[in-house]
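Reader: Hello! I am new to this structure and would love a close look at one part of it. Could you pick a helix, start from a charged pair on it, and then show me how that part connects with what lies around it?

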Amino acid sequence: MKSRLNKLYADNRRANARKFEVVAKEDSTDVEIFLYDHIVSSEDEAEWWGGVAPESFVKAVYAVDADATIHLHINSPGGSVFAARSMEQALRLHKGRVVVHIDGLAASAATFIAMAGDEVVMGKGAMFMIHKAWTGMWGNANDLRKEADLLDKIDGTLADTYAEKTGKEVAEIGAWMAAETWFTAQEALDAGFADSIAEDEAKACSWNLSAYDNAPKAQKPPTSPAKPTPADQPDAQAFASEDHRARQQQRLSMLARLSQQ
């Protein structure tokens, strides 16, 4: 079985919306963190797929002064459950206030990172999506049953997290997850996932969401994209080299910022 998570990564490897940045606000100790990317399990995965790994994110959070407010801006199609859980925990351990701004999309794993905020603000037109956990594996019947049991446990912990934030019954949350439910900003506010809606319009989401079953149609790629001519075909090796250099430069910039704090 092909991993839908790997499809999500592959589909968004070249997304122009990708960004992970830490910005100190002027005349304030507060810090803005922009999580505009998919979430991967490790720096090695980030080298190949792009995305934000927990090591970089957690270090960025821990570098923020204890009394400072973190403004976490999210525009993410989701990713690794356990990586996102470690990011969520880092935010929960921060001594200062955490305000989460869903600027465009918080889908899948990005949603329970958002639940770590003391306040969750959604932009007008932003979306919030929860679903049951995915996996990809092979093995015999016993192996598959054990993996299904693990997925049930993961889903249970996620439902508990959402229920704690919203005050909804776990059974209702579970039904939303099973249906892969997409919430508008107003629907997320009504359900308790968000605390308010910002006056500003949400930023456009440039994500390929075809890995999901119920993604808004406007965000799915054309069903029959035109095939590029040989002259238009991008050089994959050249892209890989440019993408690698860009990721390395981003990491060096991030490490420089953290070492100055």
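Author: Happy to. Let us begin with arginine 92 and glutamate 88, which both sit in helix α4 (residues 81-93), four residues apart, or about one turn of the helix. Bear in mind that this is a predicted model. An α-helix has 3.6 residues a turn, so residues three or four places apart point the same way. The two side chains form a salt bridge, with the closest N and O atoms 2.9 Å apart.

Are the two partners buried or exposed? Arginine 92 is partly exposed, at a relative accessible area of 38%, while glutamate 88 is buried, at 4%.

A little further along the chain comes another charged pair: glutamate 119 and arginine 97 meet through their side chains in a salt bridge, at 2.9 Å from N to O. Glutamate 119 belongs to strand β5 (residues 119-124) and arginine 97 to the loop between α4 and β4 (98-107), so this pair ties together parts that are 22 residues apart in sequence. Both ends of this bridge are partly exposed: glutamate 119 has a relative accessible area of 25%, and arginine 97 has 38%. Back in the helix, salt bridges with shared partners join Arg85, Glu88 and Arg92 into one network.

Now for α4 as a whole. At 1.5 Å a residue, its 13 residues should span 18 Å, and the end C-alpha atoms are indeed 18 Å apart, which agrees. At the start of the helix, a side-chain oxygen of serine 80 comes to within 3.3 Å of the backbone nitrogen of alanine 83. The buried residues of α4 are Val81, Ala83, Ala84, Arg85, Met87, Glu88, Ala90 and Leu91. These residues pack against α3 (54-62), β3 (70-76), β4, α5 and α6.

That brings us to α6 (residues 141-166), one of those neighbours. Its 26 residues should span 38 Å at 1.5 Å a residue, and its end C-alpha atoms are 37 Å apart, which agrees. Asparagine 140 caps the N-terminal end of α6, where a side-chain oxygen lies 3.0 Å from the backbone nitrogen of asparagine 142. Just after the helix, glycine 167 takes a positive phi of about 80 degrees. Among the buried residues of α6 are Leu151, Ile154, Asp155, Leu158 and Tyr162. The buried residues of this helix pack against α4, α5 (109-114), β6 (127-130), α7 (170-178) and α8 (185-191).

Tyr162 is also a link to the nonpolar interior, as one of the residues in contact with phenylalanine 193. Others that phenylalanine 193 touches, beyond its neighbours within four places in sequence, include Met115, Val120, Phe128, Ile130 and Trp176. In soluble globular proteins, nonpolar side chains tend to be buried together. Here the largest nonpolar core has 55 residues, of which Phe57, Leu72, Phe128 and Phe193 touch the most other members. Apart from that core lies another, of 13 residues, including Leu8, Leu105, Trp207 and Ala211.

Strand β5, where we met glutamate 119, has a partner of its own: β5 and β8 pair in the parallel sense over three bridges. In β8, glutamate 201 is the bridge partner of lysine 124. Of the six residues of β8 (residues 196-201), the number buried is zero, so the strand lies largely in the open.

To finish, here is a contrasting spot. A search of the whole structure finds 10 salt bridges, and one of them joins the side chains of aspartate 37 and arginine 18 at 3.3 Å, N to O. Aspartate 37 lies in the loop between β2 (31-36) and α2 (43-49), and arginine 18 in the loop between α1 (4-11) and β1 (19-24), so the pair ties together parts that are 19 residues apart in sequence. Both partners are buried, with relative accessible areas of 0% for aspartate 37 and 16% for arginine 18. Histidine 38 is found in the loop between β2 and α2 too, and is buried at 0%. Its side chain reaches the backbone oxygen of tryptophan 49 at 3.2 Å. Arg18 is among the residues that histidine 38 touches, along with Tyr9, Asn12, Ser76 and Pro77.

Technical notes: Residues are numbered from 1 along each chain as its sequence is written. This is a predicted model: local features need pLDDT of at least 70, side-chain atom pairs count only at pLDDT 80 or more; totals for chains, interfaces and linings use all residues. Side-chain values use heavy atoms; hydrogens and water are left out. A salt bridge is a side-chain nitrogen of Lys or Arg within 4 Å of a carboxyl oxygen of Asp or Glu. Helices (H or I, at least four residues) and strands (E, at least two) are DSSP runs, numbered from the N terminus. Buried means under 20% relative accessible area, exposed over 50%, partly exposed in between (1.4 Å probe, protein chains only). A nonpolar core is a set of buried Ala, Val, Leu, Ile, Met, Phe, Trp, Tyr and Cys residues joined through side-chain atoms within 4.5 Å. Contact means heavy atoms within 4.5 Å. The expected span of a helix is 1.5 Å times one less than its number of residues. A polar contact is a pair of N or O atoms within 3.5 Å; within protein, one must be able to donate a hydrogen and the other to accept it, and residues adjacent in sequence count only if both atoms are side-chain atoms. Two strands pair if DSSP finds at least two bridges between them.
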